[in-house]
Amino acid sequence: MAIFQLHICAAFLMGMILPSSALEDTFIAAVYEHAVILTGDTPRNVSRAEALELMNRNLDILEGAIKTAAQQGAHIIVTPEDALYGWVFTRETLYPYLENIPDPQVDWTPCNEPKRFGSNPIQGRLSCIAKENSIYVVANMGDKKPCNRSDPQCPSDGRYQYNTDVVYDTEGKFVARYHKYNLFASEVYFNYAKDPQFVTLNTSFGKLGLMTCADVLNYREPAISLVEKYKVDTILFPTAWQNGLPLLSAVEFYSAWAMGMRVNFLAANINKPSLDITGSGIFTPEGAKVYRFDMKTQTGKLLVAEINARPRLSPTYPPAVDWSLYASNIKHFPASPVFTASFYFDNFTFTELSQEAGNHTVCQKGLCCHLSYKMAEKREDEVYAFGAFDGLHVIEGEYYLQICTLLKCKSTDLKSCGEPVETAHTRFDSFTLSGTFNTSYVFPEVLLTETQLTTGEFQVLSDGQLVTHNGTSKPVLTVTLWGRWYEKDPPHPYILSGVP
């Protein structure tokens with residue numbers, strides 16, 4: 001079992017404490033899905049001037065989106081991870097794109113003092129964009145930090161390189177810096193932050209927390225502590241999320257996480273359909289307010305919505321859920337024939353939904369999943385399966401999952417269950433899904449045909465049941481309870497290796 005140390009010294013609490021009369025009940029949020037201009041298909045060495053030219057081309061596009069968001073009244077805009085330069089790098093080829101990003105406690109407005117900490121033109125431009133448009137701007141870039149060769153963890157090139165989020169307020173002041181703690185497997189050109197950072201901002205429109213992409217899935221920190229210990233109202237989430245249908249599409253998981261953790265979630269993704277990268281939105285504890293999932297066109301998209309600034313104080317705030325209460329207190333449904341199929345290299349135990357209506361229990365290890373359902377019509381050309389997974393996921397990160405899922409198979413061949421699928425024709429009049437989870441971190445997902453979300457068409461009851469009694473507006477791709485059992489995760493890669 002991994003033991004995580006909470007390093008409070010890494011948390012920054014910034015912003016003024018405003019009088020109650022200045023606090024806002026709602027605010028207008030914006031996210032921008034950016035079709036990033038990439039460095040090329042292969043890593044290559046460029047000069048600093050060439051690196052700046054590419055980053056400024058991307059910033060030109062982002063600036064237009066930020067200006068439009070501000071004109072629509074947005075208080076804050078989140079832009080994607082890797083939005084300035086992409087991800088085709090080695091450590092050496094990334095270096096010209098990096099800047100020295102100081103600790104935000106230095107009280108710095110780069111727009112006013114562009115050379116105070118050396119040559120930092122990208123930070124200066126981001127600051128000016130925020131100031132000129134009177135809007136909070138959240139952006140992602142690279143930070144470089146020299147290290148002492150006597151430090152046993154100092155890389156051989158004498159510097160740390162961090163995947164970094166930065167935030168500028170409405171005056172252009174630099175107010176937050178976050179070094180990504182959970183790197184994706186391919187991010188070998190960056191270093192892990194030594195400790196999880198818990199970066200928060202106090203604003204007139206609630207308390208905000210900052211994290212990046214794999215931070216929401218791979219390990220407990222910083223995601224869980226931001227919500228539970230630091231009590232943030234809204235998560236700011238730059239990401240470059242590659243979709244994994246049927247259970248890990250971007251908007252599906254973001255919406256589920258917002259509902260499961262009961263916070264607002266502002267997710268800005270890259271748009272690169274050729275690489276299965278798309279999916280951004282503004283999500284709340286009650287579901288999606290606005291989202292975008294577009295695998296057909298390669299264009300940017302601005303999303304804007306008004307949401308509750310402090311969802312915990314809202315009369316519609318959902319109650320806490322005991323995710324195993326119902327499932328642990330009912331008898332198992334009669335056994336059905338089971339088979340094994342794989343999703344994302346995880347072997348699920350499945351049973352086929354061979355009838356128009358039925359009740360099923362499927363178990364794997366300590367997890368038993370229960371399903372009651374009724375289809376509007378049983379089609380011969382579509383197969384649905386109901387399954388359970390209880391185990392350690394080991395591809396592109398290691399983390400422990402407990403999952404109960406009803407999903408459409410790619411074809412009528414049961415071996416295709418779990419393979420990517422985007423369309424369906426079967427509607428369900430009702431379903432009830434529950435599981436004997438050993439974790440309280442469970443995220444409810446309902447995904448409809450053509451990767452569309454549903455809001456208000458299902459409920460999560462306080463005893464852990466995901467239910468719909470009036471059917472869904474469109475055919476169903478998946479109905480899922482996705483659980484993360486953090487206590488069974490291996491140690492974080494930084495802790496395990498002892499080197500960045």
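Helices (H or I, at least four residues) and strands (E, at least two) are DSSP runs, numbered from the N terminus. The structure is a predicted model, in which local features need pLDDT of at least 70, side-chain atom pairs count only at pLDDT 80 or more, and totals for chains, interfaces and linings use all residues. Residues are numbered from 1 along each chain as its sequence is written, and side-chain values use heavy atoms, with hydrogens and water left out.

An unreviewed UniProt entry lists residues 38–309 as "domain: CN hydrolase". UniProt positions are given in the numbering used here, feature names are shortened, and annotations may be inferred rather than shown by experiment. Across residues 38–309, helix makes up 22% of the chain and strand 25%, while the end C-alpha atoms lie 35 Å apart.

The unreviewed entry also carries the annotation "active site" for Glu 81, Lys 180 and Cys 213. These residues span 133 residues in sequence, yet no two of their C-alpha atoms are more than 10.4 Å apart, so they gather at one spot.

Two of these positions are set out below; buried means under 20% relative accessible area, exposed over 50%, and partly exposed in between (1.4 Å probe, protein chains only).

| Residue | Loop between | Relative accessible area |
|---|---|---|
| Glu 81 | strand 3 (76–78) and helix 2 (91–94) | 2%, buried |
| Lys 180 | strand 6 (174–179) and strand 7 (199–203) | 1%, buried |

Contact means heavy atoms within 4.5 Å. Neighbours within four places in sequence aside, Glu 81 is in contact with residues including Lys 180, Glu 187 and Cys 213. With the same exclusion, the contacts of Lys 180 include Glu 81, Glu 187, Cys 213 and Asp 215.
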